[in-house]
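Work through the exercises below with the sequence and the 3D structure beside you, and try each task before you read its solution.

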Amino acid sequence: MGNPISGERSAACARISKFYNRAAWIDGRAEEQLEQVAGWPGMTAVAGFPDLHPGRFGPVGAAFLADRIWPQLVGPDIGCGMALFRLDLPRRRLKLDKAARRLAVLEDGADLHQALAALDAAGLTGLIGPEALGTIGGGNHFCEVQVVDEVMDHTRTDLQKDDLCLLVHSGSRGRGAGIFQGLDDSWKQGFAAESDAAARYLALHDAAIRWARVNRALIASSASEALGCEARLICDTVHNHVVPHSDSWLHRKGAACPEGGLVPLAGSREAPSYLLEVPDTVPEALGSVSHGAGRKYDRSSMHGRIRKTRSDLAALTRTRFGGRVICGDRDLLLEEAGQAYKDPDQVLQNLAGFGLANAVARLLPLVTFKTTGGAA
DNA sequence: ATGTTC
């Protein structure tokens, strides 16, 4: 990665706060990245969370406070986030294989009329189009039916054990990536807060954020319609964005911004997810918290960790909870295997230990939808 | 991450 300003030595390193202990699985390269970014010009504070892992331009699972805007600390998927919905479908009415088949409608995206109406309601008409709206995308994105396994704090939710939920992880699809790639090279040194380049970036960024929220809502709408029920939003939290924060700019990269004091923490297809309450009482955490378990192993290394026989790959489509995984892309199926991710219970233990979050509910995966198609 | 693509 390296400091993007060659030759310029930063006067001082930002304050670095690490919210994990020795028991946490942290890749040394991610910590090196955290320390390097802390030395970038104008950086005043950085926070690393227990899901920390290496990224392209800096670590993922971290928040960065600076006097300028660094688009690479938001990354290409501007507006990516996790939205959790409650489904008004009794668990006994969910047939896993039938649900798995019906969720294939997500491959098509949203109905065009519905998409245009949703964009209009979000004030995006004329700013950003409906193409790919309602689609999940690739990588770590998914739409997952989950069941509430236990409610730990009934004061923060009306969820009950055995309720069904939908967790949607998606972002701005090609929009954010296009915005990032379309920037002139001056982004490599950060945008001065008052510059025209910053204003142009922020306008596009804000539209991508809103588009990504609409995208998650439409994914949930399509999924719940396919399952014959309705989805009610619990919270929708963004984890890739830059926002004003105490006279500076707060960058979140794989670090969630709570909504109504709540955040979903995604586990994996082989591990629980959690609904967290975030008291926001630790200023060094920069109003942020983990959005998931975090990768343990990078994508390429997963190809050497799992055998690719027909039966080994078939085993990846069933989970230890008896759940289903729909992923017609063989590479993606193993790159996103449960073992590629850290233990969410360990992540939660660290967050709770530092006073950043408490578990409200534990949810188990039942149907993890990625894609029907892809590589043969 | 990606209207990515050997």
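**Exercise 1.** Sort the residues on the surface near DNA strand B by class, and say how many are nonpolar, polar and charged.

*Solution.* Keep in mind throughout that this is a predicted model. The surface near DNA strand B holds 7 polar residues, together with 2 nonpolar and 2 charged ones. To put names to them, list the residues around the strand, which are Pro76, Gly137, Gly138, Gly139, Asn140, His141, Arg173, Gly174, Ala177, Gln181 and Arg299. Turning to the strand itself, sugar and phosphate make up 79% of the atoms of DNA strand B that come within 4 Å of the protein. Finally, look for the element that gives the most to this surface, and you will find helix α4, residues 174-181, with 3 residues.

**Exercise 2.** Find which atoms of Gly138, Gly174 and Arg299 lie close enough to a phosphate oxygen of DNA strand B to form a polar contact, for which the cut-off is 3.5 Å between N or O atoms.

*Solution.* Begin with Gly138, where a polar backbone atom is 2.8 Å from a phosphate oxygen of the strand. Go on to Gly174, which also uses its backbone, since an N or O atom there lies 2.9 Å from a phosphate oxygen of DNA strand B. End with Arg299, where a polar atom of the side chain lies 3.5 Å from a phosphate oxygen of DNA strand B.

**Exercise 3.** Describe the largest pocket by its volume, its lining and the residues nearest its centre.

*Solution.* First take the volume, which is about 960 Å³. Next consider the lining, which consists of 46 residues, and among these His53, Val60, Asn140, His169 and Arg299 lie nearest the centre of the pocket. The elements that give two or more residues to this lining are β6 (142-151) and β17 (358-371). Then divide the lining by class, which gives 20 polar, 14 charged and 12 nonpolar residues. As a last step, compare with Exercise 1, and note that Asn140 and Arg299, named here, are also among the residues around DNA strand B.

**Exercise 4.** Which element gives the largest share of the lining of the second largest pocket?

*Solution.* Start from the space in this pocket, which comes to about 150 Å³. Its lining is made up of Leu89, Arg93, Leu94, Lys95, Lys98, Ala99, Arg102, Ala226, Leu227 and Gly228. Two or more of these residues come from each of α2 (96-102) and α5 (196-227), and the largest share, 3 residues, belongs to α2. By class, this lining has 5 nonpolar, 4 charged and 1 polar residues.

Conventions
Residues are numbered from 1 along each chain as its sequence is written. Chains are lettered from A and ligands numbered from 1 in the order in which they are written. This is a predicted model: local features need pLDDT of at least 70, side-chain atom pairs count only at pLDDT 80 or more; totals for chains, interfaces and linings use all residues. Side-chain values use heavy atoms; hydrogens and water are left out. A residue is near a molecule or strand if one of its heavy atoms lies within 4 Å of it. A polar contact is a pair of N or O atoms within 3.5 Å; within protein, one must be able to donate a hydrogen and the other to accept it, and residues adjacent in sequence count only if both atoms are side-chain atoms. Helices (H or I, at least four residues) and strands (E, at least two) are DSSP runs, numbered from the N terminus. Ala, Val, Leu, Ile, Met, Phe, Trp, Tyr, Cys and Pro count as nonpolar, Asp, Glu, Lys and Arg as charged, and the others, Gly among them, as polar. On a 1 Å grid over the protein atoms alone, a cavity is a set of points where a 1.4 Å probe fits but cannot get out, and a pocket is an open set with protein on both sides within 12 Å along at least five of seven lines; lining residues have an atom within 4 Å of a point. Grid points are joined across faces, edges and corners, and a volume is the space filled by probe spheres set on the points.
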